[in-house]
Amino acid sequence: MECPSCARDLDHCHGTLVLHVDATVECTEPDCTDTDLVRHSLTVRCEEVDGECFCTADYVVEYAQAS
């Protein structure tokens with residue numbers, strides 16, 4: 001099965017864009033260099049991913065208290 005965006009030669013990424021609380025973004029596709037939202041049909045907030053993210057509010061508060 002071929003990707004419809006690939007078949008139409010559209011600029012897109014097959015990875016998932018991870019949106020962080022601190023406004024940074026990253027893509028799960030290692031070769032992705034353009035993290036523009038419109039290139040990614042799949043997005044997820046970092047707090048929805050298993051495990052702790054460095055930018056979540058709880059982690060930031062704990063780090064600030066430990067400093």
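How many bridges join strand 1 to strand 2, and in which sense do the two strands run? Three bridges join them, and the strands run antiparallel. Keep that pair in mind. This is a predicted model, and the pair is a good place to enter it.

Start with the overall plan. The protein chain has two helices and three strands. Reading along the sequence gives the pattern α-β-β-β-α. The chain holds 67 residues, and buried residues make up 21% of them. About 5300 Å² of the protein chain is exposed. Carbon and sulfur atoms supply 52% of that area. Now take contacts between residues at least 6 apart in sequence. Of these, 41% join residues at least 24 apart.

Next, build the sheet. Strand 1 covers residues 13-19, and strand 3 covers residues 40-45. These two pair in the parallel sense, over five bridges. One of the residues to look for is Leu17, whose bridge partner in strand 3 is Thr43. On the other side of the story is strand 2, residues 25-27, which runs antiparallel to strand 1. Here Val18 stands opposite Glu26 of strand 2.

Put the strands together. They form an open sheet in the order 2-1-3, and the pairing is mixed. Strand 2 and strand 3 each have a single partner strand, so they stand at the edges and one side of each lacks a neighbour in the sheet. From one strand to the next, the twist averages 30 degrees.

Now look at the hairpin. Strand 1 and strand 2 form it, with five residues between the strands. Ala23 is found in this loop. Its phi is positive, about 80 degrees, although Ala23 is not a glycine. Why is that worth a second look? Most residues other than glycine have a negative phi. Is Ala23 buried or exposed? Ala23 has a relative accessible area of 67%, so it counts as exposed.

Asp9 offers a second case. Find it in the loop between helix 1 (4-7) and strand 1. Asp9 is not a glycine either, yet it has a positive phi of about 60 degrees. Asp9 is exposed because its relative accessible area is 70%.

Return to the hairpin loop for a contrast. His20 also sits between strand 1 and strand 2. His20 has a relative accessibility of 9%, so it counts as buried. What does His20 touch, leaving aside neighbours within four places in sequence? It is in contact with Val25, Glu26, Cys46, Cys53, Phe54 and Cys55.

Follow one of those contacts to Cys55. This residue lies in the loop between strand 3 and helix 2 (57-66). Cys55 is buried because its relative accessible area is 6%. Cys55 and Val21 are 34 residues apart along the chain. Their C-alpha atoms, however, are separated by 5.9 Å.

Cys55 also belongs to a group. The largest nonpolar core has five residues in all: Val18, Val44, Cys46, Cys53 and Cys55. Val18 is a familiar name, as the residue opposite Glu26 in strand 2. Leave aside the neighbours of Val18 within four places in sequence. Val18 is then in contact with Thr24, Val25, Glu26, Thr28, Val44 and Cys46. Two of these names, Val44 and Cys46, appear in the core as well.

Finish with Arg39. Where is it placed? Arg39 lies in the loop between strand 2 and strand 3. Buried or exposed? Arg39 has a relative accessibility of 12%, so it counts as buried. The side chains of Arg39 and Asp11 are joined by a polar contact of 3.1 Å. Not counting residues up to four places away in sequence, Arg39 touches Asp11, His12, Cys13, Cys32 and Asp34.

Notes. Residues are numbered from 1 along each chain as its sequence is written. Side-chain values use heavy atoms; hydrogens and water are left out. Helices (H or I, at least four residues) and strands (E, at least two) are DSSP runs, numbered from the N terminus. Buried means under 20% relative accessible area, exposed over 50%, partly exposed in between (1.4 Å probe, protein chains only). Contact means heavy atoms within 4.5 Å. Accessible areas come from the Shrake-Rupley method with a 1.4 Å probe; for residues, only the protein chains shown count as cover. Two strands pair if DSSP finds at least two bridges between them. Axes are lines fitted to C-alpha atoms, for helices over the stretch in contact, and angles run from 0 to 180 degrees between N-to-C directions. A polar contact is a pair of N or O atoms within 3.5 Å; within protein, one must be able to donate a hydrogen and the other to accept it, and residues adjacent in sequence count only if both atoms are side-chain atoms. A nonpolar core is a set of buried Ala, Val, Leu, Ile, Met, Phe, Trp, Tyr and Cys residues joined through side-chain atoms within 4.5 Å.
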